Amino acid sequence: MEKQIDLYWTFRSPYCYLVGGPRLLDLVETAGLTCRFKPVKPMAVKVKDFFKNMNPLQAPYVFRDIARTAEMLGIPYEWPTPDPVDMDFATGDCRRNPTLYRSPDTPRRGSNRRGRGIQFGVEVSRVLFGKVRDWHLGSHLHGAASKAGLDLDEMELAINSSSDVYDQIIRKTRST
C-alpha cells in the first residue's frame with residue numbers, strides 16, 4: 001500500500017518555512033512517502049478580521065518563537081519584504097496586495113501536476129523568508145522554481161491557457 005501524506009502549506013507561514021527544507025524532504029524520501037502538496041491561502045486573506053480578533057499577546061510571542069526556532073535550527077530567517085499580504089501589524093487590517101497575486105500561490109497546481117509540489121514550496125519559502133529582499137521582482141521565483149526542477153514560465157502559461165475553474169479564478173485575480 002502506498003504511503004501518502006497531505007501537506008497543507010501557506011507560503012506566508014514562517015512555520016511552514018521552518019518545517020520545510022531538507023528535513024521535510026528527507027522525511028518524505030526516506031519514508032517512501034507520496035506527498036500531496038496542498039497550498040492554502042494565508043489566514044490574513046482567508047479569515048476576515050483573523051488578526052484583529054486574536055489575543056494581543058499572540059503576535060509578539062509568535063514573532064519571538066519564530067526567530068528562536070530559526071536560530072535553533074540554524075536556518076536564515078527574516079519576514080518577507082514585501083509582505084505577501086499588505087497588513088498593518090498594529091491594527092490587524094489587511095488590504096489586497098498586488099504582490100499576493102504574483103506570489104508563489106499562483107502556480108501551485110502546476111507544481112503538483114508535475115509531482116514537485118513540496119520541492120516548489122520549500123524553495124519558494126527559502127526565497128520569501130531567507131532574507132531575499134523584493135522576492136516578487138526579477139528572477140527570484142524563477143530561480144526557486146528551477147531549484148525545484150520546474151519552469152515557472154511554463155507553469156504560469158499552463159494556468160493561463162487552462163479551462164480549469166481554479167485557474168480561471170487565478171487569471172481574474174491577477175488581472176485586477
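Trainee: How far apart are the end C-alpha atoms of helix H6 (residues 117-129), and what should the 13 residues span?

Mentor: First, some ground rules. This is a predicted model, where local features need pLDDT of at least 70 and side-chain atom pairs count only at pLDDT 80 or more, while totals for chains, interfaces and linings use all residues. Residues are numbered from 1 along each chain as its sequence is written, and side-chain values use heavy atoms, leaving out hydrogens and water. Helices (H or I, at least four residues) and strands (E, at least two) are DSSP runs, numbered from the N terminus. The expected span of a helix is 1.5 Å times one less than its number of residues. For H6 that gives 18 Å, and its end C-alpha atoms are 18 Å apart, so the two agree.

Trainee: Why is H6 said to be largely enclosed?

Mentor: Check accessibility: buried means under 20% relative accessible area, exposed over 50%, and partly exposed in between (1.4 Å probe, protein chains only). Twelve of the 13 residues of H6 are buried, so the rest of the structure largely encloses this helix. Among them are Gly117, Phe120, Glu123 and Phe129.

Trainee: Which residue with a positive phi follows H6?

Mentor: That's Lys131, with phi near 70°, and this residue isn't a glycine. Lys131 sits in the loop between H6 and helix H7 (140-147). Asp134 lies in the loop between H6 and H7 too, and has a positive phi of about 55° without being a glycine. At 37% relative accessibility, Asp134 counts as partly exposed.

Trainee: Where is there a cis peptide bond?

Mentor: Between Thr81 and Pro82, with omega about 0°. Pro82 is in the loop between helix H4 (58-73) and strand E3 (86-88).
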